[in-house]
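The report below is written for a reader who wants the local geometry of a model set out residue by residue. Please keep the sequence and the coordinates at hand while reading.

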Amino acid sequence: MSDLRELYQQLILDHNKNPRNFRVLDPADRFAEGYNPLCGDKVEVYLQLHGDRIKDIGFQGSGCAISKASASLMTETIKGKTLGESETYFKDFQAMLTDPSSNLGLDQMGKLFAFFGVRDYPTRIKCATLSWHALRAAMDDVQTPITTER
Amino acid sequence: MSSPLDILTLQPPEPAARPAPPFDVRRIRADFPILGQQVQGQPLVYLDNGATAQKPRAVIDALSHYYTDQNANVHRGVHHLSQIATDAYEAARRKVATFINAASDREIIFVRGTTEGINLIAQTFGREQIGEGDEIIITEMEHHSNIVPWWMLCREKGAKLRVIPMNDRGELCLDTYQTLFTSRTKLVSIIHISNVLGTVNPVREIVQIAHAHGVPVHIDGAQAVPHQRVDVRALGCEFYTFSGHKMFAPTGIGVLYGSETYLDTMPPYQGGGSMIQSVDFDNITYGNLPNKFEAGTPNIAGSIGLGAAIDYLNSIDFDGAAKYEANLLEYAHDVLRGVPDLKMLGTAECKVGVLSFTLSDIHPHDVGTILDQAGVAVRAGHHCAQPVMKHYDIPAATRASLSFYNTREDIDALVSGLHTVRKIFG
Ligand SMILES: Cc1ncc(COP(=O)(O)O)c(C=O)c1O
């Protein structure tokens, strides 16, 4: 139960219930879809760019608390950042969850550190990373939907 | 293919039927080694039997015995072990034939599982008999494995799928079914027991109606064989498919039953060794049933394991087990009804121990993860039946599926886990 409290922290539960930037951007400069075909989760990410800066970001989709909160906190983190900075966040987030030697902490990750506990639940890592993969696809202007299964 | 070896094959006598002792769940549980395991420091509560069932010691031992003492390829050698392996493999086929009351063991084709069985029908019978403008009737509650192969065939041929709808309790609308037949209907392919809703469909009636229109029927029995006795001749269907792993046998082995008249006229599925009578570069003659449909080295160990699972089911009081399961289902329905905001999906009059539900708007993956921390294994997701999810307008559901080795304590652990979920999500 104490483990579960770490996975389902208040911050995650809050963003699940009241996701931020949960909207379609119209018009959007970039758009990408991500699917997890194993569980049916999906997410859409919309970007408006100003030069190489992400001026605005929105998302839509359905999924579990982890995936929804992850998308929501991602949009909060990324809004106003450059494409390069966002790419670094993508890599750090990925490393925090999947690289055992990673020692990224609260300092580097900020609120995203709330997902640190997900690394102890291997079946749920894809839930947390789906929206980030969709973000990266949007940044790379990938036209076809991406999936967590290759 | 009748080889000279067949004449020499000594058929082991079928084990004399001993009356099974009355069903006793404690004794049955002792037959399944994995059930003694701890998960997350708690006793395993395995409620994911719809996905795959656990294996009794007898099945595990049969696999070990095969590889320790009997391993050789089948239908190929004149040596001692090859004969033993062939005998064991063919004995398993006879056990399956008796188990589902097929008229002959030539009607039993070993495949990988239900999925391959259905694809086999689609690729042989389907490709030959179904053409442009023809129609195939399925139901709204099919597993993807009884949708996608037909959809692919329809795409290839320009044929159409017609779908028998269901009501909100998860029961098929037979009145609509009657109206779906046209002169172009070529096949009815239906699920026997729903893997999401537990509904036991009136397959005998469905077959009779199809036959009145002169249409053959395939039944997906993946969820039926673990729960009840199946008699393919009493059902009257032309095809019946199921997976070993859901009925306490190993993975990678399953069965396609086909009536001999149909199988005989169908073209082969895959080409290769074992399925031929003779090969030269100008002419190839295919083998007889069942070899015609079993190209290449089969899953010998899996078949023997399936035979052992059937022996096991014959050795217990299977009717008593079914009655016990029905009681357990009733108990589960009663206590789950007491969980606030829980909505049960399948509430058919006639159902087996499959309990799919939603819990307010909490996503099933979160439910599944939290239950797992309590040692409770359930399935969370769309259960390979997205049309069923669409019917209820939900992306996913949580499913607890029962077997005769489950207990009331298992159900109580599930309910207590669900209360934890509600507490966390406040
Ligand atoms: C009703 C039904 N049909 C078909 C299948 C497919 O079985 P398999 O994956 O063993 O081929 C399943 C298994 O999930 C099922 O529940």
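What follows describes the ligand site, the salt bridges, two histidines and some backbone features of this predicted model.

## The ligand and its shell

The ligand is surrounded by 13 residues, and the closest of these are B:Thr115, B:Asp220, B:Gln223, B:Ser243 and B:Lys246. Sorted by character, the shell consists of nine polar residues, two charged residues and two nonpolar ones. Three side chains can be described by their polar atoms: B:Asp220 places such an atom 2.5 Å from a nitrogen atom of the ligand, B:Gln223 has a polar side-chain atom 2.7 Å from an oxygen atom of the ligand, and an N or O atom in the side chain of B:His245 is likewise 2.7 Å from an oxygen atom of the ligand. On its own the ligand has 400 Å² of accessible area, of which the protein covers 85%.

## Salt bridges

Side chains of opposite charge can pair when their charged atoms come close. Over all chains, a search of the whole structure finds 26 salt bridges, and three of them are set out here.

| Salt bridge | N to O distance |
|---|---|
| A:Asp56 and A:Arg23 | 3.3 Å |
| A:Lys111 and A:Glu76 | 3.4 Å |
| B:Arg93 and B:Glu294 | 2.8 Å |

Which parts of chain A does the salt bridge between A:Asp56 and A:Arg23 tie together? A:Asp56 belongs to strand E3 (residues 53-62), whereas A:Arg23 sits in the loop between helix H2 (10-17) and strand E1 (30-36), so the pair ties together parts of chain A that are 33 residues apart in sequence. The two partners also fall into separate accessibility classes, since A:Asp56 counts as buried at 15% relative accessibility, while A:Arg23, at 33%, counts as partly exposed.

The salt bridge of A:Lys111 with A:Glu76 has its closest N and O atoms 3.4 Å apart. This pair also links distant parts of the chain, as A:Lys111 is in the loop between helix H5 (106-109) and helix H6 (125-139) of chain A and A:Glu76 is in helix H3 (residues 65-78), 35 residues apart. A:Lys111 is partly exposed with a relative accessible area of 47%, and A:Glu76 counts as partly exposed at 32% relative accessibility.

In chain B, the side chains of B:Arg93 and B:Glu294 meet with N to O at 2.8 Å. B:Arg93 lies in helix H4 (residues 80-99) and B:Glu294 in the loop between strand E12 (284-286) and helix H11 (300-315), so this salt bridge ties together parts of chain B that are 201 residues apart in sequence. Both B:Arg93 and B:Glu294 are buried. Returning to chain A, salt bridges with shared partners join A:Asp14, A:Arg20, A:Glu76 and A:Lys111 into one network.

## Two histidines of chain B

Is B:His383 buried or exposed? With a relative accessibility of 1%, B:His383 counts as buried, and its place is the loop between strand E16 (379-381) and helix H14 (386-391) of chain B. The side chain of B:His383 reaches the backbone oxygen of B:Ala397 at 3.0 Å. When residues up to four places away in sequence are not counted, B:His383 touches several residues, among them B:His143, B:Asn195, B:Met389 and B:Arg399.

B:His65 lies in helix H3 (residues 57-70) of chain B and is partly exposed, with a relative accessible area of 38%. Its side chain makes a polar contact with the side chain of B:Asp69 at 2.7 Å. The C-alpha atoms of B:His65 and B:Ala301 are separated by 9.6 Å, although the two residues are 236 residues apart along the chain.

## Backbone features

Most residues other than glycine have a negative phi, and most peptide bonds are trans. The peptide bond from A:Asp26 to A:Pro27 is cis, with omega near 5 degrees, and A:Pro27 is placed in the loop between H2 and E1 of chain A. B:Leu289 and B:Pro290 are also joined by a cis peptide bond, with omega about -5 degrees, and B:Pro290 is in the loop between E12 and H11 of chain B.

Positive phi values occur at A:Asp141, where phi is near 60 degrees, and at B:Ser274, where phi is near 75 degrees. A:Asp141 is found in the loop between H6 and strand E4 (146-147) of chain A and counts as partly exposed at 37% relative accessibility. B:Ser274, in the loop between helix H10 (260-265) and strand E11 (276-279) of chain B, counts as buried at 15% relative accessibility.

Definitions and conventions: Residues are numbered from 1 along each chain as its sequence is written. Chains are lettered from A and ligands numbered from 1 in the order in which they are written. This is a predicted model: local features need pLDDT of at least 70, side-chain atom pairs count only at pLDDT 80 or more; totals for chains, interfaces and linings use all residues. Side-chain values use heavy atoms; hydrogens and water are left out. A residue is near a molecule or strand if one of its heavy atoms lies within 4 Å of it. A polar contact is a pair of N or O atoms within 3.5 Å; within protein, one must be able to donate a hydrogen and the other to accept it, and residues adjacent in sequence count only if both atoms are side-chain atoms. Accessible areas come from the Shrake-Rupley method with a 1.4 Å probe; for residues, only the protein chains shown count as cover. Ala, Val, Leu, Ile, Met, Phe, Trp, Tyr, Cys and Pro count as nonpolar, Asp, Glu, Lys and Arg as charged, and the others, Gly among them, as polar. A salt bridge is a side-chain nitrogen of Lys or Arg within 4 Å of a carboxyl oxygen of Asp or Glu. Helices (H or I, at least four residues) and strands (E, at least two) are DSSP runs, numbered from the N terminus. Buried means under 20% relative accessible area, exposed over 50%, partly exposed in between (1.4 Å probe, protein chains only). Contact means heavy atoms within 4.5 Å.
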